[in-house]
Amino acid sequence: MTGKIKLVHSGGNSVSIAVPTSNPSASEVEFKLPSSDGSANQVLKTDGSGNLSFGEDAGGKILQVVSVTKTNTASFSVGSGGQYSYTDTSFRATITPASASNKILIQVIASVSVDSSQWIHISLQKDGSDISGAIGDADGSRNRATHFQGYPPDGFDKTVPVPILYLDTAGNTTSRYYNLGFSHTSGLTRTMYLNRSGSTDNNNFNYARPISTITVMEIAA
């Protein structure tokens with residue numbers, strides 16, 4: 001039989017499977033159907049050798065989004081410059097990837113300050129440790145950072161914006177959290193802040209209260 005296979009319903013109407021309009025690329029193309037049905041919303045896929053199976057229609061799609069918004073303030077002691085500290089467990093986003101081959105897109109917007117005229121260094125971290133691909137290359141005695149910011153020219157009492165966008169590889173399907181590590185350029189322990197100005201934080205209109213957010217998205221491979 002050539003052309004198509006027709007399946008006729010008892011009511012008289014039919015459903016057909018037809019050959020392609022163009023001549024197949026090989027003398028005989030064979031597709032092997034899966035031995036069982038898939039799950040809801042799955043699609044039929046090929047492995048490139050004619051073996052069909054059901055799988056997720058998810059390539060390049062956003063599978064899940066986790067976002068944490070911190071609206072209150074935080075203050076914490078950070079040791080001498082160059083060493084990243086992570087002390088605020090309320091400002092982190094936890095996600096469990098569905099597949100090790102998927103990507104994790106991390107977006108951070110944070111408002112940070114320090115209690116003295118120091119430069120601020122920030123590292124993007126996973127489970128409290130620096131992500132090696134998210135910090136700059138080693139270069140002499142320069143600190144490696146995801147973002148750094150000199151103190152504002154009009155005084156260190158103002159917050160500085162910390163924008164970060166980074167694409168991580170899931171690597172496994174284990175739960176993990178993404179957070180920020182904080183550092184400064186002083187040789188002494190300093191107090192650093194989220195969502196408020198530095199040591200002067202007067203109760204008046206000028207000293208606003210911003211927010212900080214961490215959003216992580218799992219992207220299908």
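Two strands count as paired when DSSP finds at least two bridges between them. With that in hand, welcome to a predicted model in which strand β15 makes a good starting point: in β15, M217 is the bridge partner of L105. From there the tour moves to the largest nonpolar core, with its 30 residues, then to V78, the salt bridges, and a nonpolar surface patch made by I5, L7, V15 and I17.

**Strand β15 and its partners**

- β15 has two pairings to look at, and one of them is with β8: the two strands run antiparallel and are joined by seven bridges.
- The other is with β5, which spans residues 62–70 and pairs with β15 in the antiparallel sense over eight bridges.
- For a landmark in the β5 pairing, find S67, whose bridge partner in β15 is T215.
- For a landmark in the β8 pairing, go back to L105 and its bridge partner M217 in β15.
- β15 is mostly covered, with eight of its eight residues buried.
- In a regular strand, side chains alternate between the two faces of the sheet.
- In β15, one set pointing the same way is S212, I214, V216 and E218, while T213, T215, M217 and I219 point the other way, and all of them are buried.

**The largest nonpolar core**

- This core holds 30 residues, and those touching the most other members are I106, V112, L124, L180 and F182.
- At least two core residues come from each of β6 (74–78), β7 (93–95), β8 (103–114), β9 (120–126), β12 (160–169), β13 (176–184), β14 (190–194) and β15 (212–219).
- Of these strands, β8 gives the most, with six residues.
- L180 is a handy residue to centre your view on: setting aside residues up to four places away in sequence, L180 touches S85, Y86, F91, V108, A110, I122, S123, L124, Q125 and I164.

**V78, a buried residue in β6**

- V78 lies in strand β6.
- V78 counts as buried because its relative accessibility is 0%, and the cut-off for buried is under 20%.
- Apart from neighbours within four places in sequence, V78 is in contact with Q83, S85, F182, S183, H184, L188, T189, R190 and M192.
- F182, one of those contacts, is also among the core residues that touch the most other members.
- S85 is another shared point, as V78 is in contact with S85 and L180 touches S85 too.
- From V78 to K103 there are 25 residues in sequence and 31 Å in space, C-alpha to C-alpha.

**Salt bridges**

- The count comes to four salt bridges, and the bullets below describe some of them.
- D168 forms a salt bridge with K126, and their closest N and O atoms are 3.0 Å apart.
- That pair links distant parts of the chain, with D168 in strand β12 and K126 in strand β9, 42 residues apart.
- D168 is buried because its relative accessible area is 7%, whereas K126 is partly exposed, at 24%.
- E30 and K32 form another salt bridge, with 3.5 Å between the closest N and O atoms.
- Both ends of that bridge are partly exposed: E30 has 46% relative accessibility and K32 has 39%.
- R142 and D139 are also joined by a salt bridge, their closest N and O atoms lying 3.3 Å apart.
- R142 counts as exposed at 57% relative accessibility, while D139 is partly exposed at 44%.

**The surface patch and S14**

- I5, L7, V15 and I17 make a nonpolar surface patch of about 400 Å².
- The elements giving two or more residues to this patch are β1 (4–8) and β2 (14–18).
- I5 is found in strand β1, and I5 counts as partly exposed, so it sits between the cut-offs, with 46% relative accessibility.
- S14 is found in strand β2 and counts as partly exposed at 36% relative accessibility.
- Not counting residues up to four places away in sequence, S14 touches K6, L7, V8 and H9; L7 is one of the patch residues.
- S14 and E218 are 204 residues apart in sequence and 42 Å apart in space, C-alpha to C-alpha.
- E218 brings you back to β15, where E218 points the same way as S212, I214 and V216.

Definitions and conventions:
Residues are numbered from 1 along each chain as its sequence is written. This is a predicted model: local features need pLDDT of at least 70, side-chain atom pairs count only at pLDDT 80 or more; totals for chains, interfaces and linings use all residues. Side-chain values use heavy atoms; hydrogens and water are left out. A nonpolar core is a set of buried Ala, Val, Leu, Ile, Met, Phe, Trp, Tyr and Cys residues joined through side-chain atoms within 4.5 Å. Buried means under 20% relative accessible area, exposed over 50%, partly exposed in between (1.4 Å probe, protein chains only). Helices (H or I, at least four residues) and strands (E, at least two) are DSSP runs, numbered from the N terminus. Contact means heavy atoms within 4.5 Å. Patches are made of residues with over 30% relative accessible area and no salt bridge: like charges are joined within 9 Å, nonpolar side chains (Val, Leu, Ile, Met, Phe, Trp, Tyr) within 5 Å. Accessible areas come from the Shrake-Rupley method with a 1.4 Å probe; for residues, only the protein chains shown count as cover. A salt bridge is a side-chain nitrogen of Lys or Arg within 4 Å of a carboxyl oxygen of Asp or Glu.
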